[in-house]
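Here are a few exercises to work through with the structure open next to you. Try each task before you read its solution.

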Amino acid sequence: MGRDTIADIITSIRNAEMDNKELVRIASTNITENIVKILLREGFIENVRKHRERNKNFLVSTLQYRRRHRKAPSRTILKRISRPGVRIYSNYQQIPKILGGMGLVILSTSRGIMTDREARLERIGGEILCYIW
C-alpha cells in the first residue's frame with residue numbers, strides 16, 4: 001500500500017492555514033516539486049526552499065497570507081479529485097472551470113503536471129489531480 005503524496009500536500013497546506021502557521025514542510029518528490037512550483041507561480045505560496053534532514057529532502061514553503069499581516073487571512077480551498085482508488089480523466093474540452101476561471105485545476109498530462117489554462121492552450125487532457133480556489 002503506497003502513500004498518496006498529493007493528498008499529503010493538500011492536507012499539510014490546509015492544516016497549516018487552519019492553525020495560522022507560516023511554514024509548511026512537505027516531503028520532496030518529483031510530483032510534489034511540480035505541484036509546489038505551480039502553487040508558487042500562481043501566487044498561493046510565497047516562496048519555497050529545499051531542506052535536507054537525515055538523508056531526506058523536504059520542501060519548506062511560506063504561505064502567502066502571512067506576509068501581509070492580515071488579521072483574517074484568506075483561506076485557500078484545496079480539494080483532491082483523482083485518488084489512487086478512483087482516477088478521474090478529462091480531455092481538454094471538458095476540463096472544469098473553477099469559479100468561472102478564477103480557481104485552478106491541476107492536471108497530470110503526458111507533458112507533465114500543469115494547470116487547466118496551460119492544458120487548454122496545448123489542447124491536451126489528462127488526470128485531474130486537484131482543485132484550488
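Exposed means over 50% relative accessible area, buried means under 20%, and partly exposed is anything in between. Keep in mind that this is a predicted model.

**Exercise 1. Sort the two partners of the D8–R3 salt bridge by exposure.**

Solution. Start with the pair itself: D8 and R3 form a salt bridge, with the closest N and O atoms 2.7 Å apart. Next, take R3: its relative accessible area is 70%, so R3 is exposed. Then take D8: at 30%, D8 is partly exposed. If you tally salt bridges through the whole model, the count comes to 10.

**Exercise 2. Work out which parts of the chain the R87–E127 salt bridge links.**

Solution. First, the contact: the closest N and O atoms of R87 and E127 are 3.0 Å apart. Second, the places: R87 sits in the loop between β4 and β5, while E127 belongs to strand β8. The two are 40 residues apart, so the pair links distant parts of the chain, as the positions show. Third, the exposure: R87 has a relative accessible area of 42% and is therefore partly exposed, whereas E127, at 11%, counts as buried.

Now look at I88, in the loop between β4 (78–80) and β5 (89–90). I88 and E127 are 39 residues apart in sequence, yet their C-alpha atoms are 5.7 Å apart in space. Leaving out residues up to four places away in sequence, I88 touches I81, S82, G126, E127 and I128. With 32% relative accessibility, I88 is partly exposed.

**Exercise 3. Do the same for E122 and R111.**

Solution. Their side chains meet in a salt bridge, 2.9 Å from N to O. E122 is in helix α3 (residues 116–122) and R111 is in the loop between β6 and β7 (112–115), so this bridge ties together parts 11 residues apart in sequence. As for exposure, R111 comes out at 54% and is exposed, while E122, at 37%, is partly exposed.

**Exercise 4. Describe helix α2 and find its buried residues.**

Solution. Begin with length: α2 covers residues 30–42, which makes 13 residues. From first C-alpha to last, α2 reaches 19 Å, close to the 18 Å expected at 1.5 Å a residue. Then go through the helix for burial: T32, E33, I35, V36, I38 and L39 are buried. Finally, check what follows: G43 comes after α2, and its phi is positive, near 90 degrees.

**Exercise 5. Which residues have the most contacts inside the largest nonpolar core, and which elements supply it?**

Solution. The core has 21 residues, and I13, I35, I106 and I132 have the most contacts inside it. At least two core residues come from each of α1 (5–18), β1 (23–27), α2, β3, β6 (104–109) and β8 (126–132). Of these, α1 gives the most, with 5 residues. Zoom in on I35: not counting residues up to four places away in sequence, I35 touches I6, I9, I106, I113 and L129. Apart from this core lies another, of 10 residues, including L107, M114, I124 and Y131.

**Exercise 6. Which residues form a nonpolar patch on the surface?**

Solution. The patch is made of I77, L99, M102 and W133, which together have about 430 Å² of accessible area. One member, I77, lies in the loop between β3 (56–63) and β4. I77 has a relative accessible area of 36%, so I77 is partly exposed.

How values were computed: Residues are numbered from 1 along each chain as its sequence is written. This is a predicted model: local features need pLDDT of at least 70, side-chain atom pairs count only at pLDDT 80 or more; totals for chains, interfaces and linings use all residues. Side-chain values use heavy atoms; hydrogens and water are left out. Helices (H or I, at least four residues) and strands (E, at least two) are DSSP runs, numbered from the N terminus. The expected span of a helix is 1.5 Å times one less than its number of residues. Buried means under 20% relative accessible area, exposed over 50%, partly exposed in between (1.4 Å probe, protein chains only). Contact means heavy atoms within 4.5 Å. Patches are made of residues with over 30% relative accessible area and no salt bridge: like charges are joined within 9 Å, nonpolar side chains (Val, Leu, Ile, Met, Phe, Trp, Tyr) within 5 Å. Accessible areas come from the Shrake-Rupley method with a 1.4 Å probe; for residues, only the protein chains shown count as cover. A salt bridge is a side-chain nitrogen of Lys or Arg within 4 Å of a carboxyl oxygen of Asp or Glu. A nonpolar core is a set of buried Ala, Val, Leu, Ile, Met, Phe, Trp, Tyr and Cys residues joined through side-chain atoms within 4.5 Å.
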